[in-house]
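Me: I am new to this structure. Please show it to me, and then explain the words used for it.

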Amino acid sequence: MSDTARARKLADRIRVVVAETLQRRIKDPRLGYVTITDTRITGDLREATVFYTVFGDDEERAASAAALESAKGVLRSEVGRQTGVRFTPTLTFVPDALPENARTIDDLLAKAREADAQVREASSGASYAGDADPYRKPDEDEDDEEPGTDGQDPGTGGKGSPDA
């Protein structure tokens, strides 16, 4: 088993190496605007999964995926050269679902804003179903005296002395 801190450091280093190599050495015309978003590596440091996004439509995404697959050998040899590990991990490229998830969340938030606007619009001219203040308040016309202040001895209950 490998140390998780070491695996995390190696994954971060692989992400940087792959991004720099794509930017500087890979000259494939199919490669679009690719952004390396994350890298994860197994505990035995044998397999690395590289997550990426592509700016563009579905055709550009497919072309960039094919370009990454064809450049996998060059990228793996560069990772091995720059990391210096005994066994260079195999690279697997996976399109990141983050942009689609963000788009879905944005759509849901827009629907919620529209629903809030409709509720606000419907409630702007509405009145309360009951009283404006639904909480009970003590009536003003009742006696303001507190119990036991009617002038009699509170211990006798108003009947006089206990001996009577």
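Reply: Start with a definition. A charge sits over a ring if NZ of Lys or CZ of Arg is within 6 Å of the ring centre and within 35 degrees of the ring normal. Keep in mind that this is a predicted model.

Me: What makes Arg46 a charge over the ring of Phe87?

Reply: The charged end of Arg46 is 4.1 Å from the centre of the Phe87 ring. The limit is within 6 Å, and the angle condition applies too. Arg46 therefore counts as sitting over the ring of Phe87.

Me: Which ring does the charged end of Arg76 sit over?

Reply: That of Phe87, with 5.7 Å to its centre. The distance is again within 6 Å.

Me: How many aromatic pairs are there in the whole structure?

Reply: The search finds 0. A pair would need ring centres within 6.5 Å.

Me: What is the order of the strands in the sheet?

Reply: The order is β1-β2-β3, in an open sheet of 3 strands. β1 (33–41) and β3 (90–95) are the edge strands, since each pairs on one side only. Neighbouring strands are turned by 30° against each other on average, direction ignored.

Me: Why is the pairing called mixed?

Reply: Look at each pair of strands. β1 and β2 pair in the antiparallel sense, over 8 bridges. Strand β2 (residues 47–55) and β3 run parallel, joined by 6 bridges. Both senses occur, so the pairing is mixed.

Me: How do you know that these strands count as paired?

Reply: Pairing takes at least two bridges. The counts are 8 for β1 and β2, and 6 for β2 and β3.

Me: Which residues stand opposite each other in the sheet?

Reply: Thr35 has Thr53 of β2 as its bridge partner. Thr39 stands opposite Val50 in β2. Towards β3, Thr49 faces Thr92, and Phe51 faces Val94.

Me: What is found in the hairpin of β1 and β2?

Reply: There are 5 residues between the strands, and Leu45 takes a positive phi near 60°.

Me: Why are α1 and α3 called oblique to each other?

Reply: Their axes cross at roughly 125°. That value lies outside 65 to 115 and is not over 145, so the pair is oblique. The axes come within 9 Å, and the crossing is right-handed. Among the residues making the contact are Leu10, Ile14 and Val17 of α1, and Leu75 and Val79 of α3.

Note on methods:
Residues are numbered from 1 along each chain as its sequence is written. This is a predicted model: local features need pLDDT of at least 70, side-chain atom pairs count only at pLDDT 80 or more; totals for chains, interfaces and linings use all residues. Side-chain values use heavy atoms; hydrogens and water are left out. Rings of Phe, Tyr and Trp (its six-membered ring) pair if their centres lie within 6.5 Å; planes under 30 degrees apart count as stacked, over 60 as edge-to-face and the rest as tilted. Helices (H or I, at least four residues) and strands (E, at least two) are DSSP runs, numbered from the N terminus. Axes are lines fitted to C-alpha atoms, for helices over the stretch in contact, and angles run from 0 to 180 degrees between N-to-C directions. Angles under 35 degrees count as roughly parallel, over 145 as roughly antiparallel, 65 to 115 as roughly perpendicular and the rest as oblique. A crossing is left-handed if the near helix is turned anticlockwise from the far one by less than a right angle, and right-handed if clockwise. Contact means heavy atoms within 4.5 Å.
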